[in-house]
Amino acid sequence: MPRQDRPLEGWTIYPARSLSHVPKRMAKKFDSDFERLKRALRKLGAKIYDFAGIKPAASAERTCDYDLMCVECADLVLCDHRLQGSGIGVEIAWKCALKGHVIVGAPKHRYVSKMICGFKVRNPNFEFVRYKDILDLVPIVLAHFAGRQRPGPKAPPLEQFPDPTTQQSLFRQKKIPVAT
């Protein structure tokens with residue numbers, strides 16, 4: 001049972017945002033706003049999956065695989081859709097295809113495509129909201145989890161591989177990311 005001051009205890013969140021299209025003049029504010037959101041969610045007990053693509057040495061394949069594993073494992077994908085990007089669109093679509101829980105927030109003055117706003121038609125666990133300040137997303141997240149059943153333990157996904165000697169198909173646990 002979570003403590004009263006930590007209502008998100010036991011839940012994992014993958015906060016997503018576009019990084020490829022951040023103008024240099026906006027980068028510091030964009031980063032600090034996003035970090036404020038993650039700190040606020042951690043303070044309430046949530047475990048946060050961090051984005052791998054921010055490490056310059058990460059390959060495209062590693063970034064894609066890691067990020068999609070985070071998307072799959074998270075109890076909620078929380079998107080700051082201040083800027084459009086193909087990566088954030090893929091993450092939203094991936095979680096929606098799994099009928100997973102997604103909240104996409106965008107500033108009141110920003111244009112967001114009808115495609116993103118309309119995902120609710122395919123995924124009942126999708127919500128699109130507007131915000132004035134990024135921390136306006138925190139009460140929305142709290143309300144979202146207030147109506148959900150606490151998750152039980154999660155088993156890591158399995159991956160298939162051939163036995164090196166017999167070539168017989170075997171399974172092993174796939175390494176999953178750790179939320180902090």
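## A tour from the cavity outwards

Let's start inside: the count comes to 1 cavity of 30 Å³ or more. Keep in mind as you click around that this is a predicted model.

**Stop 1: the cavity.** Select Y14, P15, A16, R17, L19, F34 and F51, and you have the lining of the largest cavity on screen. The space they surround comes to about 40 Å³. Which strand gives the largest share of this lining? That's β1, with 4 residues. Try colouring the lining by class: you'll get 6 nonpolar residues, no polar ones and 1 charged.

**Stop 2: the whole chain.** Now zoom out and switch to a cartoon view. The protein chain has 180 residues, and 40% of them count as buried. You can trace 5 helices and 7 strands. Starting at the N terminus, the order of elements is β-α-β-α-β-α-β-α-β-α-β-β. How much of the contact network joins residues at least 24 apart? Taking contacts between residues at least 6 apart in sequence, the share is 68%.

**Stop 3: strand β3.** Select residues 76-80, which make up β3. Are they mostly covered or not? They are: 5 of the 5 residues are buried. In a regular strand, side chains alternate between the two faces of the sheet. Show the side chains here and look at each face in turn. On one side you have L76, L78 and D80, on the other V77 and C79, and all of them are buried.

Next, bring in the partners of β3. Add residues 12-17, strand β1: it runs parallel to β3, and 5 bridges join the two. To find one of these bridges, click on R17, whose partner in β3 is D80. R17 may look familiar, since it also lines the cavity from the opening stop. Then add residues 102-107, strand β4, which is parallel to β3 as well and joined to it by 4 bridges. Here, C79 has V104 as its bridge partner in β4. Follow the backbone from β3 through α3 to β4 and you trace a β-α-β crossover, which is right-handed.

**Stop 4: the turn-off at K99.** Stay on that path and stop in the loop between α3 and β4, where you'll find K99. What is odd about its backbone? Most residues other than glycine have a negative phi. K99 isn't a glycine, yet its phi is positive, at about 60°. K99 is also partly exposed, because its relative accessible area is 43%, and partly exposed covers the range between 20% and 50%.

**Stop 5: N125.** From K99, hop to N125, in the loop between α4 (114-117) and β5 (126-131). Leaving aside neighbours within four places in sequence, N125 is in contact with K99, G100, H101 and V102. Draw a C-alpha to C-alpha distance from N125 to I103: they sit 22 residues apart in sequence and 8.4 Å apart in space. N125 counts as partly exposed too, at 25% relative accessibility.

**Stop 6: the largest pocket.** Finish with a surface view. The largest pocket has a volume of about 320 Å³. Which of its 17 lining residues are closest to the centre? Select F51, D67, G87, I88 and E91. F51 was on the list for the cavity as well. The elements giving two or more residues to the pocket lining are α2 (60-73) and α3 (86-97). Colour by class one last time, and you'll count 7 nonpolar, 7 polar and 3 charged residues.

Definitions and conventions: Residues numbered from 1 in each chain as written. Predicted model: local features only at pLDDT ≥ 70, side-chain atom pairs only at ≥ 80, totals over all residues. Heavy atoms only, no water. 1 Å grid on protein atoms, 1.4 Å probe; cavity = no way out; pocket = protein on both sides within 12 Å on 5 of 7 lines; lining within 4 Å. Points joined across faces, edges and corners; volume = space filled by probe spheres on them. Nonpolar A, V, L, I, M, F, W, Y, C, P; charged D, E, K, R; others polar. Buried < 20%, exposed > 50% of the residue type's maximum accessible area, 1.4 Å probe, protein only. Pairing = 2+ DSSP bridges. Right-handed = clockwise from strand over helix to strand, strands pointing away. Contact = heavy atoms within 4.5 Å.
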